[in-house]
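Got the structure open in your viewer? Follow along, and select each stop as we reach it.

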Amino acid sequence: MGVHQVADVVISDVSKRFGTVTALAPSDLTIADGEFVAIVGPSGCGKSTLLRLIAGLEEPSTGRISIDGRDVTHAAPADRGLAMVFQSYALYPHLTVAENIAFPLRVARTPRAEVTKRVADVAETLGLTAFLSRRPKALSGGQRQRVSIARAIVREPKVLLLDEPLSNLDVDLRVRMRHEFARLHAQLAATMIYVTHDQVEAMTLANRIVVMNAGRIEQVGAPLALYDTPATLAVARAIGSPRMNLLAGTIATDGPGGAGVRLTTGETVPVRVQGEAGEPVTLGIRPEHLVPDDDGPLAGKVELFERLGPLSFAHLGSPGLGTTIVAQLPGDRHITLGQTLRFRGLSQRLHVFGEDGHARVTG
Ligand code: ATP
């Protein structure tokens, strides 16, 4: 028997169909008390549906949901002990910031003195004290988003659900709000479930990331575990920016170039992987694991070169590979467009996926 743990949000065999569309196939997920979980995946994969099921905004087609040990499968959203922040702030335009934040407390008939104190505390936490008497239209996007977060946390929810809360903000504000979420999570000790398209938000904020694809949970794990060992092609595509290079090939056991993955160019990338000779596979190499090497098996012509300062990305066209490859290079590396570059892959960092999309053990 394992150690007993308070599992705050438990999803068992939960699915959701809309008519003939399966938005979520039967899924299991356990989110521990106080955890920060990010949900990522391509558009339409079911992220919002999963969040809305937890919130009680959708009724599951099958399965059960419990929060803090209590079955809430059929409970109303207001009875689940959670709060939700959406990408549209949905503030009341005719109410001041203080009145907006106080709204959920008023609905719950909280005594006036306590309302005043709680609003002041939350405003302080989110840096809104100076704006309490303003109306939403007199605030910046970031300030409005902070008010909507303040309103969500003023009742001290056990679970805070966030659906792309930063997607309406400009880059600077996103970075500032990202830091604020990290601080807020540490301060509130609430369980936070965060849907995002943003790699950096997911990687830096989450204790664990849930990768979804086509209505299914593909893999759940710590950010670096998913980055280092994606279990499927969908996870390899979802984690890492720029994306992992994915090259079609076949398993070569012997012959010219030795054992490894033979690419469509005829070159072989050495890697130890189980399988039959000739079996179709996909070789995965992250841009940062391509090493310049004049004798390397991967070559391409520089079509685009992005200098970011500390590092650069070269986009290389290689007709024989049927795809562009992206390589990370040092920031000071001199490159000319049209130049041919050769690379080898860092042998310990190669990924091989079978035709079923599942990762093979490499060595
Ligand atoms: P995005 O990143 O684009 O917001 P998502 O991963 O959040 O996408 P969902 O909004 O959960 O995806 O949608 C999952 C699937 O369910 C999609 O195919 C969507 O069209 C479908 N879907 C969602 N809500 C409904 C609905 N109310 N009626 C019918 N189909 C729906």
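Start with helix H1, residues 47-55, in this predicted model. Seven of its nine residues are buried, so H1 is largely enclosed by the rest of the structure. Show the side chains of Lys47, Thr49, Leu50, Leu51, Leu53, Ile54 and Ala55: those are the buried ones. Yes, the list includes a lysine, Lys47. Now step one past the end of the helix to Gly56, where phi is positive, near 90°.

**Zoom out for a moment**

Show the whole chain as a cartoon. You should be able to pick out eight helices and 21 strands. The C-alpha atoms fill a box of roughly 80 × 50 × 40 Å along the principal axes. Of the 363 residues, 49% count as buried. How much of the contact map comes from residues 24 or more positions apart? Such pairs make up 64% of the contacts with a separation of 6 or more.

Switch on a surface. The chain exposes about 17,500 Å², and carbon and sulfur atoms supply 52% of that. Colour by charge and you'll have 38 positive and 37 negative side chains, with the centres of the two sets 7 Å apart.

**Helix H2 and what follows it**

Next, select residues 97-107, which is helix H2. Its buried residues are Val97, Asn100, Ile101, Ala102, Pro104 and Leu105. What do they pack against? Bring up helix H3 (112-125) and helix H4 (141-153), and you have the partners of H2's buried residues.

Walk off the end of H2 to Arg109, which takes a positive phi of about 55°. Most residues other than glycine have a negative phi, so a positive value is worth a pause. Then click Thr110, in the loop between H2 and H3. Is Thr110 buried or exposed? Thr110 has 17% relative accessibility and the cut-off for buried is under 20%, so Thr110 counts as buried. Leaving out residues up to four places away in sequence, Thr110 touches Leu105 and Val115. Leu105 is also one of the buried residues of H2.

**The largest pocket**

Keep H2 on screen and find the largest pocket, which has a volume of about 720 Å³. It is lined by 24 residues, and Leu82, Ala83, Met84, Pro104 and Ala152 lie nearest its centre. The elements giving two or more residues to the lining are strand E6 (82-85), H2 and H4. Which of them supplies the largest share? That would be E6, with four residues. Pro104, which you met as a buried residue of H2, turns up again here among those nearest the centre of the pocket.

**Two buried residues in H5**

Move along to helix H5, residues 171-188, and select Glu180. Glu180 has a relative accessible area of 17%, so this glutamate counts as buried. Setting aside neighbours within four places in sequence, Glu180 is in contact with Leu126 and Arg146.

Stay in H5 and go to His185. His185 is buried as well, with a relative accessible area of 15%. Draw a C-alpha to C-alpha distance from His185 to Glu35: you'll get 8.7 Å, for two residues 150 apart in sequence. Again leaving aside neighbours within four places, His185 is in contact with Gly34, Glu35, Phe36, Ala190, Met192 and Asn207.

**Backbone stops in the loops**

Which way does phi go at Glu156, positive or negative? Phi of Glu156 is positive, near 50°. You'll find Glu156 in the loop between H4 and strand E7 (159-163). At 60% relative accessibility, Glu156 counts as exposed.

Ala214 is another positive-phi residue that isn't glycine, with phi near 45°. Look for Ala214 in the loop between strand E9 (208-213) and strand E10 (216-221). Ala214 counts as exposed at 62% relative accessibility.

For the last stop, select Ser241 and Pro242. Is the peptide bond between them cis or trans? It is cis, with omega near -5°. Pro242 lies in the loop between helix H8 (233-238) and strand E11 (245-252).

Notes
Residues are numbered from 1 along each chain as its sequence is written. This is a predicted model: local features need pLDDT of at least 70, side-chain atom pairs count only at pLDDT 80 or more; totals for chains, interfaces and linings use all residues. Side-chain values use heavy atoms; hydrogens and water are left out. Buried means under 20% relative accessible area, exposed over 50%, partly exposed in between (1.4 Å probe, protein chains only). Contact means heavy atoms within 4.5 Å. Accessible areas come from the Shrake-Rupley method with a 1.4 Å probe; for residues, only the protein chains shown count as cover. Lys and Arg count as positive and Asp and Glu as negative; His and the chain ends are not counted. The place of a charge is taken as NZ of Lys, CZ of Arg, CG of Asp or CD of Glu. On a 1 Å grid over the protein atoms alone, a cavity is a set of points where a 1.4 Å probe fits but cannot get out, and a pocket is an open set with protein on both sides within 12 Å along at least five of seven lines; lining residues have an atom within 4 Å of a point. Grid points are joined across faces, edges and corners, and a volume is the space filled by probe spheres set on the points.
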